[in-house]
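User: Please take a close look at one part of this model. Start from a single charged side chain and work outward to whatever surrounds the charged pairs.

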Amino acid sequence: MVPTVSLEPTGHSCWDEPLSIAVRGLAPEQPVTLRTALRDEKGALFRAHARYRADSHGELDLARTPALGGSFSGLEPMGLLWAMEPDRPFWRLIKRDVQTPFVVELEVLDGHEPDGGRLLARAVHERHFMAPGVRRVPVREGRVRATLFLPPGTGPFPGIIDLFGVGGGLLEYRASLLAGKGFAVMALAYYKYDDLPKVIDILHLEYFEEAVTYLLSHPQVRTTTTGRASSMPERPPNACRRTGRRSPRLSATPKQDTTLNPLTSLGP
């Protein structure tokens, strides 16, 4: 029997979705090495491998069989994804274009040598960042520079403003994935993007108030349930709060940051 790789879901899945990996058609108790690889948007290679032994029926299910070593060991059904490491020192896996997937290659090699075994089977799987039906809407309203992700349907949906910490720019991967869970999520840039400030010596909090006002005024966003996913402290150093009475709409955001990170190995 020719060995085959079984991946569920078949063909493609979202980055934050569990992926079942199994191999069939092996010899009973056959030692094998499973190896994964992907290239990021700048061409850097990320790889992982793990050694396994098939059961008495010649089958291998990563949900039931522990890895014997390699990039990780023990029962780790998703280890071949979260354990991938770059071939460049200190390089991080970051998704810039959420409209395209990462393509993961999975190989099954005979024996326990990750670079020397005979290739037994191979599969390719796409890991997407936008679930079917999710809509991406660029936002350039007043001073606000952002991207709004809306779930399928007409809503209204609970709203989230997604902020990242140091680094600047506009990162969308967390917002795009959360939209697939039924949230209207606005990935908000606040420096080092478009015509926004290049540095953040002072944060003017009325900019964030303007972003909240925009999100709450959107017809597909609930005005009673709006939160914030953030990598920022509650009140950054040198933050400049607007004087005068604060808009009551700001009270719709939690007082404490709720950091939502559905990704593994991604982001600053």
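Analyst: **Arg-145 and the salt bridges**

Arg-145 counts as buried, because its relative accessibility is 7% and the cut-off for buried is under 20%. Keep in mind that this is a predicted model.

The partner of Arg-145 is Asp-194. The two form a salt bridge, with the closest N and O atoms 3.2 Å apart. The pair links distant parts of the chain. Arg-145 belongs to strand 12 (residues 144-150), while Asp-194 sits in the loop between strand 14 and strand 15 (203-204). The separation is 49 residues. Asp-194 is partly exposed, at 40% relative accessibility. So a buried arginine meets a partly exposed aspartate.

This pair is part of a network. Salt bridges link Arg-140, Arg-145, Asp-194 and Asp-195. Side chains of opposite charge can pair when their charged atoms come close.

**Other charged pairs**

How many salt bridges does a search of the whole structure find? The count is 13. One of them joins the side chains of Asp-16 and Lys-181, at 3.5 Å from N to O. Asp-16 lies in the loop between strand 2 (12-14) and strand 3, and Lys-181 in the loop between helix 2 (173-179) and strand 14 (184-189), so this contact ties together parts that are 165 residues apart in sequence. Lys-181 is exposed, with a relative accessible area of 51%.

Another salt bridge is formed by the side chains of Glu-107 and Arg-35, at 2.5 Å from N to O. It too links distant parts of the chain: Glu-107 is in strand 9, Arg-35 is in strand 4, and 72 residues separate them. Glu-107 counts as buried, at 17% relative accessibility.

**The strands behind Glu-107 and Arg-35**

Strand 4 and strand 9 are themselves paired. They run antiparallel and are joined by 6 bridges. Within that pairing, Leu-34 stands opposite Val-108 in strand 9. Strands of a sheet pair through backbone hydrogen bonds, either parallel or antiparallel.

Strand 4 (residues 31-39) also pairs with strand 5 (residues 45-53), antiparallel, over 9 bridges. Val-32 has Tyr-52 as its bridge partner in strand 5. Leu-38 faces Phe-46 in strand 5. The hairpin of these two strands has 5 residues between them, and Gly-43 takes a positive phi near 90° there.

Strand 5 has further partners. Strand 8 (residues 85-86) pairs with strand 5 in the antiparallel sense, over 2 bridges. Here Arg-47 has Glu-85 as its bridge partner. Strand 7 (residues 69-70) is joined to strand 5 by 2 bridges, also antiparallel. Arg-51 stands opposite Gly-69 in that pairing.

**A separate open sheet**

Strand 3 borders the loop that holds Asp-16. Which strands form the open sheet, and in what order? There are 3, in the order 1-3-6, with antiparallel pairing. Strand 1 (4-8) and strand 6 (60-61) stand at the edges with a single partner strand each, so one side of each has no neighbour in the sheet. Strand 3 (residues 20-24) meets strand 6 through 2 bridges, running antiparallel. Ala-22 is placed opposite Asp-61 there.

**Core and cavity**

The largest nonpolar core has 76 residues. Leu-34, Tyr-52, Val-108, Met-186 and Leu-188 have the most contacts inside it. Helix 3 (residues 205-217) gives the largest share of this core, 8 residues. Two of these core residues, Leu-34 and Val-108, are the ones that stand opposite each other across strand 4 and strand 9.

The whole-structure search for cavities finds 1 of 30 Å³ or more. The volume of the largest cavity is about 50 Å³. Its lining includes Leu-7, Ile-21, Thr-36, Val-104, Leu-106, His-125 and Arg-127. Strand 9 (102-110) and strand 10 (119-128) each supply at least two lining residues. By class, the lining has 6 nonpolar, 2 polar and 1 charged residues.

Strand 9 thus recurs in this account. It carries Glu-107 of the salt bridge with Arg-35, it pairs with strand 4, and it contributes to the cavity lining.

How values were computed:
Residues numbered from 1 in each chain as written. Predicted model: local features only at pLDDT ≥ 70, side-chain atom pairs only at ≥ 80, totals over all residues. Heavy atoms only, no water. 1 Å grid on protein atoms, 1.4 Å probe; cavity = no way out; pocket = protein on both sides within 12 Å on 5 of 7 lines; lining within 4 Å. Points joined across faces, edges and corners; volume = space filled by probe spheres on them. Helix = DSSP H or I, 4+ residues; strand = E, 2+ residues; numbered from the N terminus. Nonpolar A, V, L, I, M, F, W, Y, C, P; charged D, E, K, R; others polar. Pairing = 2+ DSSP bridges. Core = buried A, V, L, I, M, F, W, Y, C linked by side-chain atoms within 4.5 Å. Buried < 20%, exposed > 50% of the residue type's maximum accessible area, 1.4 Å probe, protein only. Salt bridge = Lys/Arg side-chain N within 4 Å of Asp/Glu carboxyl O.
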